[in-house]
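Subject: Handover of a structure

Dear colleague,

Please find below the sequence and structure that I am handing over to you. My notes on what was found follow directly after.

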Amino acid sequence: MALPPRTHYTLHEVTARWGCNIADIAGWADVGRFRIMTGIAMVRCGQEAVAGKVVLSPMELLPLFRRCGTGPTEGVMRRIQPIDREDWLPITDPVGGVPVAIADMLILAEEVHAFEDENDMVRRVGRIRTGRGDAL
């Protein structure tokens with residue numbers, strides 16, 4: 001029995017897959033090419049309770065995405081975007097925000113694949129002719 005397709009990739013998996021820097025990933029997410037998300041326990045955003053999958057703003061966590069690799073591995077989110085909404089909600093409880101680690105940041109597989117398709121990054125293996133009429 002085959003496993004179902006992947007649903008998420010970590011940021012480190014995407015950088016390895018695309019051969020780019022984590023700062024590139026943050027930049028593309030910032031301009032809306034895909035979303036960086038994580039999962040959180042319940043927080044309060046004013047009168048609203050939010051938990052589960054949320055979108056992160058890479059520019060609010062910018063020190064995590066330094067090209068030189070000297071930045072911290074964890075930052076603090078002070079606002080979030082629930083996955084099914086367009087608006088950003090400030091986190092009011094806990095008062096200092098919620099810590100998030102780079103290792104816990106994900107991109108949906110469908111968004112990774114769409115980005116690859118849009119940028120012609122999908123490589124198809126072709127047959128190599130040997131010159132003797134046969135193919136490898």
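Read from start to end, the chain follows the pattern β-α-α-β-β-β-β-β-β-β-α. That pattern comprises three helices and eight strands; helices (H or I, at least four residues) and strands (E, at least two) are DSSP runs, numbered from the N terminus.

This is a predicted model, in which local features need pLDDT of at least 70 and side-chain atom pairs count only at pLDDT 80 or more, while totals for chains, interfaces and linings use all residues. Residues are numbered from 1 along each chain as its sequence is written, and side-chain values use heavy atoms, with hydrogens and water left out.

The chain as a whole

Of the 136 residues in the chain, 35% are buried. Buried means under 20% relative accessible area, exposed over 50%, and partly exposed in between (1.4 Å probe, protein chains only). Among contacts between residues at least 6 apart in sequence, 57% join residues at least 24 apart, where contact means heavy atoms within 4.5 Å.

The largest pocket

Rolling a probe the size of a water molecule over the atoms shows where empty space is left. The largest pocket holds about 160 Å³ of space. On a 1 Å grid over the protein atoms alone, a pocket is an open set of points with protein on both sides within 12 Å along at least five of seven lines, as opposed to a cavity, where a 1.4 Å probe fits but cannot get out; lining residues have an atom within 4 Å of a point. Grid points are joined across faces, edges and corners, and a volume is the space filled by probe spheres set on the points.

Residues lining the largest pocket include Ala 29, Asp 30, Phe 34, Ile 36, Val 55, Ser 57, Gln 81 and Trp 88. Helix H2 (22-30) and strand S3 (48-56) each supply at least two residues of this lining. By class, the lining has seven nonpolar, three polar and two charged residues; Ala, Val, Leu, Ile, Met, Phe, Trp, Tyr, Cys and Pro count as nonpolar, Asp, Glu, Lys and Arg as charged, and the others, Gly among them, as polar.

Two of the lining residues, Gln 81 and Ser 57, deserve a closer look. Gln 81 is found in strand S5 (residues 79-82) and counts as buried because its relative accessible area is 10%. A polar atom of the Gln 81 side chain lies 3.5 Å from the backbone oxygen of Arg 85. Beyond its neighbours within four places in sequence, Gln 81 is in contact with Val 54, Val 55, Glu 86, Asp 87 and Trp 88. Ser 57 is found in the loop between S3 and strand S4 (74-77). With a relative accessible area of 12%, Ser 57 is buried too, and Ser 57 touches Arg 79 and Trp 88, not counting residues up to four places away in sequence.

Strand pairing

S3 and S5 run antiparallel and are joined by two bridges; two strands pair if DSSP finds at least two bridges between them. Val 54 has Pro 82 in S5 as its bridge partner. Two bridges also join S5 to strand S6 (residues 89-90), again antiparallel, and Arg 79 is partnered by Pro 90 in S6. S5 and S6 form a hairpin with six residues between them.

S4 and S7 pair in the antiparallel sense over four bridges, with Val 76 opposite Pro 99 in S7. In a regular strand the side chains alternate between the two faces of the sheet. Along S4, Gly 75 and Met 77 point to one face and are buried, while Glu 74 and Val 76 point to the other and are not.

A residue of helix H2

Ile 25 lies in helix H2 and is buried, at 0% relative accessibility. Its contacts, leaving aside neighbours within four places in sequence, include Leu 11, Val 14, Trp 18, Phe 34, Ile 36 and Ile 107. Ile 25 and Thr 15 are 10 residues apart in sequence and 7.3 Å apart in space, C-alpha to C-alpha.

Backbone exceptions

Most residues other than glycine have a negative phi, and most peptide bonds are trans. A cis peptide bond, with omega about 10 degrees, joins Asp 93 and Pro 94; Pro 94 is found in the loop between S6 and strand S7 (98-101). Asp 120, although not a glycine, has a positive phi of about 50 degrees. Asp 120 is found in the segment after helix H3 (109-118) and is exposed, with a relative accessible area of 66%.

With kind regards

How values were computed: A polar contact is a pair of N or O atoms within 3.5 Å; within protein, one must be able to donate a hydrogen and the other to accept it, and residues adjacent in sequence count only if both atoms are side-chain atoms.
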